[in-house]
Structures are given as structure tokens and as C-alpha cells.
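Trainee: Could you take me through one part of this model in detail, keeping to a single helix packing and what surrounds it?

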Amino acid sequence: MLFLSAFGAATILPFYSEVVLVGMLVNSPDQWVYLWLTASIGNTLGAWVNWYIGLYMLHYKESKWFPFKGRALETAQSWFQKYGVWSLLMAWAPIGGDAITFIAGVMRVKLGVFLTLTFIGKSLRYLILVAATLELGLLELLS
């Protein structure tokens, strides 16, 4: 359940994995490492779906509605590979995070770089949530 909610939350689907994670931490605080990894991996793989959709959208780059044309697309891809790729560390953000992962696909970010940076950002967010839940006494509050 946690993996699916984390996966879904990283896509455009309306899921909230934080609530599921905290609920599972309340019931099994000693399993925090497993829960943290499950949420982090699920959320990263959900973001990979957005990356793949963005990459697939390149099949339509000759269409009139596609936002970048010819050399402008190549320039944008080159710039994003060099500078914008670091924005993937913010892919966890509730506003704009999903868009960053989609844009990374359009900008042809290498899959290894994408997965690494996305996992770092998302796993740090979940680690902070786990720490806040366990250390700030949220377990006692929610029990």
C-alpha cells in the first residue's frame, strides 16, 4: 500500500503518500527504515513515469503545438543537462515537482542522473518526515 501510494503521488494522480507513511509509522515505528526505503523507491519510480512520458513527448517535436522547435530544443536540452538537472533535487516539492520530472524527460536527462538526483531529494524528504514523526512524539499524539 505504501509503495503504491508513493508511486501514485509522484505522478499526476491525486495521492498523498505522507499520510500513509505516517500511519504506518504509528503502527510499526521499528520498521522505519523499511518504510522509508519503500516510500522513497516508490516515489522515485513514480517520477520515472513522468520522465518517460516527457521523453516520449519528443516524438511530437515536429508538431505545431510542441513548445520547442529545432535548434531551440537542442539548446534547451544542452542547458538543462548542464544546469537545470540539479532542479531534480526539488522533485519532491508539492508544487512543481511533478513538472520538473516531466521536463527532465523532454530535456533528455540521462536516466541514471535522473534517478540518482530524484531519489536523493525524495528520500531526504521522507527521512525528514520519518524523523519528525518519531522524534517529535507524533506517535504518542496520533496513538
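**Helix packing and the nonpolar cores**

Mentor: In this predicted model, Leu-115 touches Thr-44 and Trp-48, leaving out residues up to four places away in sequence. Leu-115 belongs to helix H6, which covers residues 111-135, and its relative accessible area of 28% falls between the 20% and 50% limits, so Leu-115 is partly exposed. Along the chain Ala-131 is 16 residues from Leu-115, and the C-alpha atoms of the two are separated by 23 Å.

Turning to the packing of helices, H3 (residues 32-57) and H5 (residues 97-106) have axes 6 Å apart and pack at an angle of about 40°, and the two helices are therefore oblique to each other. The crossing in which H3 passes H5 is right-handed. On the H3 side the contact is made by Ala-47, Asn-50, Trp-51, Ile-53, Gly-54, Leu-55 and Met-57, which meet Asp-98, Thr-101, Phe-102, Ala-104, Gly-105 and Val-106 of H5. Of the residues in this contact, eight are nonpolar, four polar and one charged.

Ala-104 also leads into the interior: outside its neighbours within four places in sequence, Ala-104 is in contact with Trp-51, Phe-80, Leu-88, Val-109 and Phe-114. In the largest nonpolar core, which has 16 residues, Ala-104 is among those with the most contacts inside it, together with Leu-88, Met-107, Val-109 and Phe-114. The elements giving two or more residues to this core are H3, H4 (70-82), H5 and H6. A second core, separate from this one, has ten residues, among them Val-20, Trp-36, Ala-39 and Tyr-126.

How values were computed: Residues numbered from 1 in each chain as written. Predicted model: local features only at pLDDT ≥ 70, side-chain atom pairs only at ≥ 80, totals over all residues. Heavy atoms only, no water. Axes fitted to C-alpha atoms, helices over the stretch in contact; angles between N-to-C directions. Helix = DSSP H or I, 4+ residues; strand = E, 2+ residues; numbered from the N terminus. Parallel < 35°, antiparallel > 145°, perpendicular 65-115°, else oblique. Left-handed = near helix turned anticlockwise from the far one by under 90°. Contact = heavy atoms within 4.5 Å. Nonpolar A, V, L, I, M, F, W, Y, C, P; charged D, E, K, R; others polar. Buried < 20%, exposed > 50% of the residue type's maximum accessible area, 1.4 Å probe, protein only. Core = buried A, V, L, I, M, F, W, Y, C linked by side-chain atoms within 4.5 Å.
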